[in-house]
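Let's take a walk through this model, starting with a sheet and ending at a metal site. Keep the structure open beside you as you read.

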Amino acid sequence: MEIESVEAIPLRRDLDERFANAQKWIDSREYCLVRLTADDGTVGWGECWGPIAGNRELIEEYVAPRLRGRDPRDVERIHDDLVFELRSSFHSYVPASVVSGVDIALWDLRGRVLGEPISRLLGGHRRDEVRAYATGHFFPDVDSFDAIRESVVEEARGHVDAGFTALKNKIGLSRHFPYGVEEDVELVRAIREAVGDDVRLMTDANHGYGRAEALRVARELEALDVHFFEEPLPPEDLEGYAMLERRGPVAIAGGESWAFREEFDEVLDRGAASYLQPDLTSAGGITSTKRVVSAADARNLQVLPHVFGSAIALAASLQVLATIPGDPMFEFDRTPNPLREELPSEPIENDGMVVPVPDGPGIGIEIDPDTLDRFRADR
Ligand code: CA
């Protein structure tokens, strides 16, 4: 069996209303998909993290010539070869999102060849459905703190009404608004008061704080029974993460900005986080994520993959989540995103507090060809 074609497929949709986290305003959603086609016609789908630009050119001009003619069933060997070749070509910088998109597509293709969902190839199911938490509560484009608080509280009530028992909100207002950590903590408090004590709450600073601010916030979050405090600090500041883990009263989470087993090993060695959140589309695909899962499990730490992608990323993440030891949760992005809702022939939806693991071959879902065509950014 040989890989016959390697395509980068750019998708984009503008959003009706922009929203922000500590990092940036988000006014469109875009993804670079990877489509591999084997010589027998079997197709594998993958997805790269980040903007189209960069991912698309590297896949078309650099990765495609190296992949054509190779046996797509040699998933891990191709993953490791790509990392090795990209590193030598780009002076030790490995475009992790490119490796990730190709790797997910290889796993999808392999699953379709064997007629099995990826979860069955990774060692089998520990669960058929995964508890989901609703990610959202971004900052709306409004001009008063009261309006922001009202927006996130109303959103939180809606998620609880839809059956969710776990929610994650955004903090780090000072990056875009004239408000500080008091208002950040007030957002979490307002949600806690609105949804009661039985809902699991997490909060995410999108690496918007310095060490002192982060420690102040962590101390306030303890009283609000926050399950974890995500990306309090820039991802490079592993010493700061380790300080918060040692001195802070709240479990620290991070990982969407780290890639490959080696970076996560450094996090583990330093004791820098209690919850590890590799994103399949940026951490090195399914191959690297499963290596991180093994390393974390050996240290008795929970992996909770980060997910903020199209339906391909969601489906692939659910395949991995079916196999992760412990008590993982599925990060279910609830912001408006037609590329998440409309791309699969069957939408990925929560059934109360859980999301079922798709049971078709590969990533478990089919991509609707008409929708794909409609969302393409190159047509
Ligand atoms: Ca995050």
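Two strands count as paired if DSSP finds at least two bridges between them. Helices (H or I, at least four residues) and strands (E, at least two) are themselves DSSP runs, numbered from the N terminus. One word on the ground rules: this is a predicted model, where local features need pLDDT of at least 70, side-chain atom pairs count only at pLDDT 80 or more, and totals for chains, interfaces and linings use all residues. Residues are numbered from 1 along each chain as its sequence is written, and side-chain values use heavy atoms, with hydrogens and water left out.

With that in hand, find Ser-5, which sits opposite Thr-37 in β2. That pair belongs to the match between strand β1 (residues 3-20) and strand β2 (residues 25-38), which are antiparallel and share 13 bridges. Zoom out and you get an open sheet of 4 strands, ordered β3-β2-β1-β5, with antiparallel pairing. Its edges are β3 (43-48) and β5 (139-140), each of which pairs on one side only. Helix α3 packs on this sheet and touches β1, β2 and β3, with its direction at about 155° to that of β3. Contact here means heavy atoms within 4.5 Å; for the angle, axes are lines fitted to C-alpha atoms, for helices over the stretch in contact, and angles run from 0 to 180 degrees between N-to-C directions.

Stay with α3 for a moment. The helix covers residues 96-114, 19 residues in all, and spans 27 Å from its first C-alpha to its last, close to the 27 Å expected at 1.5 Å a residue. That expectation is 1.5 Å times one less than the number of residues. How much of α3 is covered? Mostly: 16 of its 19 residues are buried, where buried means under 20% relative accessible area, exposed means over 50%, and partly exposed is in between (1.4 Å probe, protein chains only). Just after the helix, Gly-115 takes a positive phi of about 70°.

Now for the overall layout. The domain assignment splits the chain into domain 1 (3-119 + 369-375) and domain 2 (121-356); such bounds come from an automatic or database domain assignment. Their centres, taken over C-alpha atoms, are separated by 23 Å. The contact between them takes 45 residues from domain 1 and 52 residues from domain 2.

Next, look at strand β4 (residues 129-135), which is mostly covered, with 5 of its 7 residues buried. This strand has several partners. β4 runs antiparallel to strand β13 (residues 354-356), joined by 3 bridges, and there Val-130 has Val-355 as its bridge partner. With strand β12 (residues 330-333), β4 pairs in the parallel sense over 4 bridges, Ala-134 being matched with Phe-332. Finally, 2 bridges join β4 to β6, again parallel, and Thr-135 finds its partner in Lys-168 of β6.

Follow β6 (166-170) out of the sheet and you come to the loop between β6 and α6 (181-195), which holds Pro-178. Is Pro-178 buried or exposed? Its relative accessible area is 74%, so Pro-178 counts as exposed.

That brings us to the metal. Which residues are the protein donors of the calcium ion? They are Asp-204 (OD), Glu-230 (OE) and Glu-256 (OE), lying 2.2 to 2.3 Å from the ion. Donors are N, O and S atoms within 2.8 Å of the metal (3.2 Å for Na, K and Ca), and since water is not among the atoms, sites may look incomplete. In sequence the donor residues are spaced D-x25-E-x25-E. Glu-230 lies in strand β8 (residues 226-230), while Glu-256 lies in the loop between β9 (252-254) and α9 (260-270), 26 residues apart, so this pair links distant parts of the chain. Both Glu-230 and Glu-256 are buried.

Asp-204, for its part, is found in strand β7. Strand β7 (residues 200-204) runs parallel to β8, joined by 3 bridges, and Asp-204 stands opposite Glu-230. Asp-204 has 1% relative accessibility, so this residue counts as buried. Among the residues that Asp-204 touches, not counting those up to four places away in sequence, are Lys-168, Glu-230 and Glu-256. As for β8, 4 of its 5 residues are buried, so the strand is largely enclosed by the rest of the structure.
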